[in-house]
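Please find below a short note on the interior of the model and on its backbone. The points are numbered for ease of reply.

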Amino acid sequence: MTVGTGAGLDTADMVLNIGPQHPSTHGVLRLKLTLDGERVMACEPIVGYMHRGAEKLFEVRDYRQIIMLANRHDWLSAFANELGVALAVERLMGIEVPERAIWLRTAMAELNRVLNHLMFLGSYPLEIGAITPMFYAFRERETLQAVLEEATGGRMHYMFNRVGGLKEEVPAGWTTRARQAIKTVRKRLPDLDNLIRNNDIFLARTVGVGVLTAAQAAAYGASGPVARASGLDFDLRRDEPYLAYDQLDVRVVTKKSGDCHARFEMLLDQAYVSLDLAEECLDRVDKISGPVNVRLPKVVKAPEGHTYAWTENPLGVNGYYLVSRGEKTPWRLKLRTASYANVQALATLIPGCLVPDLIAILGSMFFVVGDIDK
């Protein structure tokens, strides 16, 4: 678009692409920007570069195989992703999961939440120039990764959930080692907290930048830390509990300002809460004996019908709409992912900001591109 200045000179807005391959885009995301000098006038998020057709693949995979596919769309939240599929199938089949499996699932889901948040707590400051927090965040991640890897055999894609419970019993003494890991991380997490939360440079780059109001968050269907940072007091673990959350006192953290700093603080504060919840779950596991799964036929067939299960994933609300025609594969399994909804708000957040603030805003939305394109 060319604009006449009235002085015989013409100026033109610049159209600039950020991505689809760019260090700040957390994957293959493209932002089509219209710039007036250093100020962004319009932003169009363009998705689809990483599309894997997972929902179509579900239709030709059995209920064991789709768990493997589902845990890969948000690769930082694999345990939570596969859990949602298992819950949907169990609900449709009317399966009652053993109590020990329920508490183990809850503990691992909270540990997975901390792992997810630690990744963003390290990578977000890195994107706006702070290198050191990454080392602290990965130190804590490795401590927790070690116990999850011991139990599941995987570091990212755990494949530990099964329809009817868990793959197998955890190793002897695992709950004690997991509690020790939690204790270690809880003791060292203030190192990361003190390093970055009140850092003057970090505050200057994030406070008052990229403000998402509660009304905007609700309009875009945002959820999880992004929505709660804007004051939306909604968390499925408390409001529509699943697993063992109805027996836990889930403290829901919220902020009011809705800016980049509030979203970052949400992850820090939620990490402390999740460590406490995981430890409480492990204490309960030690008091419960019995199986961790239900004996099922080799080929699982869900009865004809449909159901919807949703979970409070680390990045927000994930939904699983399952339709079965009584066969060993789903007729349809539709995913509602947190990142897809959250990233839509960029079209509102970014216009009006300066180019240096663009990276701070983009990183603070805490999305995984596989979770958008799935």
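The points that follow concern cavities, the nonpolar core and backbone angles.

1. The model is predicted: local features need pLDDT of at least 70, side-chain atom pairs count only at pLDDT 80 or more, and totals for chains, interfaces and linings use all residues. Residues are numbered from 1 along each chain as its sequence is written, and side-chain values use heavy atoms, without hydrogens and water.

2. There are three cavities of 30 Å³ or more; a cavity is a set of points on a 1 Å grid over the protein atoms alone where a 1.4 Å probe fits but cannot get out. The largest cavity has a volume of about 40 Å³, the volume being the space filled by probe spheres set on the points.

3. Among the residues that line the largest cavity (an atom within 4 Å of a point) are Trp75, Asn112, Arg141 and Tyr158. Helix H4 (99–127) and helix H5 (132–152) each supply at least two residues of this lining.

4. The largest nonpolar core, a set of buried Ala, Val, Leu, Ile, Met, Phe, Trp, Tyr and Cys residues joined through side-chain atoms within 4.5 Å, has 120 residues. Helix H11 (residues 260–285) gives the most to this core, with 15 residues. Trp174 is one of the residues with the most contacts inside the core.

5. Leu243 lies in the loop between helix H10 (236–239) and H11, and its phi is near 50°, a positive value in a residue other than glycine. Leu243 is buried (under 20% relative accessible area, 1.4 Å probe, protein chains only), with a relative accessible area of 16%.

Definitions and conventions
1 Å grid on protein atoms, 1.4 Å probe; cavity = no way out; pocket = protein on both sides within 12 Å on 5 of 7 lines; lining within 4 Å. Helix = DSSP H or I, 4+ residues; strand = E, 2+ residues; numbered from the N terminus. Buried < 20%, exposed > 50% of the residue type's maximum accessible area, 1.4 Å probe, protein only.
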